[in-house]
Amino acid sequence: MSIAENRRARFEYHIEEQYEAGLVLEGWEVKAIRAGQVQLPDGYVVIREGELFLIGCRINPLRTASTHVHPQADRTKKLLMSRADIRRLIGKVEQRGFTLIPLDLHYKNGRVKAQIALAKGKAQHDKRETEKKRDWEREKGRLMRHKVSGPSASKD
């Protein structure tokens, strides 16, 4: 079940490979995520000292948070992956110019997981092409609906 989705990611980037990573969260963050208080539009993943961190994932604290907890909505979250996968990602990001971006947050066996992708940025003309395809699909669906439920039933 998807919690939050980065919808701009597939428009802005060519997705090469996808990986699943765990997140290190605090208790108030888990409660807020379960309440749907998470946003992922401008998120990205950075590599620091051989570890992956998710930046730009905003988790808005609930109003009922404890008084002894001081929540930070834009806190950097550590991602958990196997060491071999992290090494492979580091090599591709440093040598081939890929970027790591979060695609979505979802539940797996009761835990919050992040779907991250190895991606390359699209050029402006690629974005226009994606927009044209999307518009054509929308127009095609409209035409098919009108053809099926069109004026053919009212023939004299």
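Reader: What makes β8 and β9 a hairpin, and what is special about phi at Asn109?
Author: There are 2 residues between β8 and β9, and Asn109, in that turn, has a positive phi of about 55°. Keep in mind that this is a predicted model, where local features need pLDDT of at least 70, side-chain atom pairs count only at pLDDT 80 or more, and totals for chains, interfaces and linings use all residues. Residues are numbered from 1 along each chain as its sequence is written, and side-chain values use heavy atoms, leaving out hydrogens and water.

Reader: How do you know that β8 and β9 pair?
Author: Two strands pair if DSSP finds at least two bridges between them. β8 (99-108) and β9 (111-121) have 9 bridges, so they pair, in the antiparallel sense. For instance, Leu100 stands opposite Leu118 in β9.

Reader: What does β9 do with β2?
Author: β2 and β9 pair in the antiparallel sense over 9 bridges. His14 has Lys120 in β9 as its bridge partner.

Reader: Why is β5 called a strand?
Author: Strands are DSSP runs of E with at least two residues, numbered from the N terminus. β5 covers residues 51-55, 5 residues, so it qualifies.

Reader: What makes β5 "mostly covered"?
Author: Buried means under 20% relative accessible area (over 50% is exposed, in between is partly exposed, with a 1.4 Å probe and protein chains only). In β5, 4 of the 5 residues are buried.

Reader: Which strands does β5 pair with?
Author: With β4 (residues 44-48), β5 pairs in the antiparallel sense over 5 bridges, and Tyr44 has Ile55 as its bridge partner. β4 and β5 also form a hairpin with 2 residues between them, where Glu49 has a positive phi of about 50°. With β7 (residues 77-80), β5 has 3 antiparallel bridges, and Leu52 stands opposite Leu79.

Reader: Why is α3 called a helix, and how does its reach compare with the expected span?
Author: A helix is a DSSP run of H or I with at least four residues. α3 (residues 83-96) has 14, so it passes. The expected span is 1.5 Å times one less than the number of residues; α3 reaches 20 Å from first C-alpha to last, close to the expected 20 Å.

Reader: Which residues of α3 are buried?
Author: Ile86, Leu89, Ile90 and Lys92 are. Their cover includes β2, β4, β5, β8 and β9.

Reader: Where is confidence highest and lowest?
Author: pLDDT is the predictor's confidence in each residue, from 0 to 100. Mean pLDDT is highest in β5, at 88, and lowest in helix α1 (residues 9-12), at 74.

Conventions: Contact = heavy atoms within 4.5 Å.
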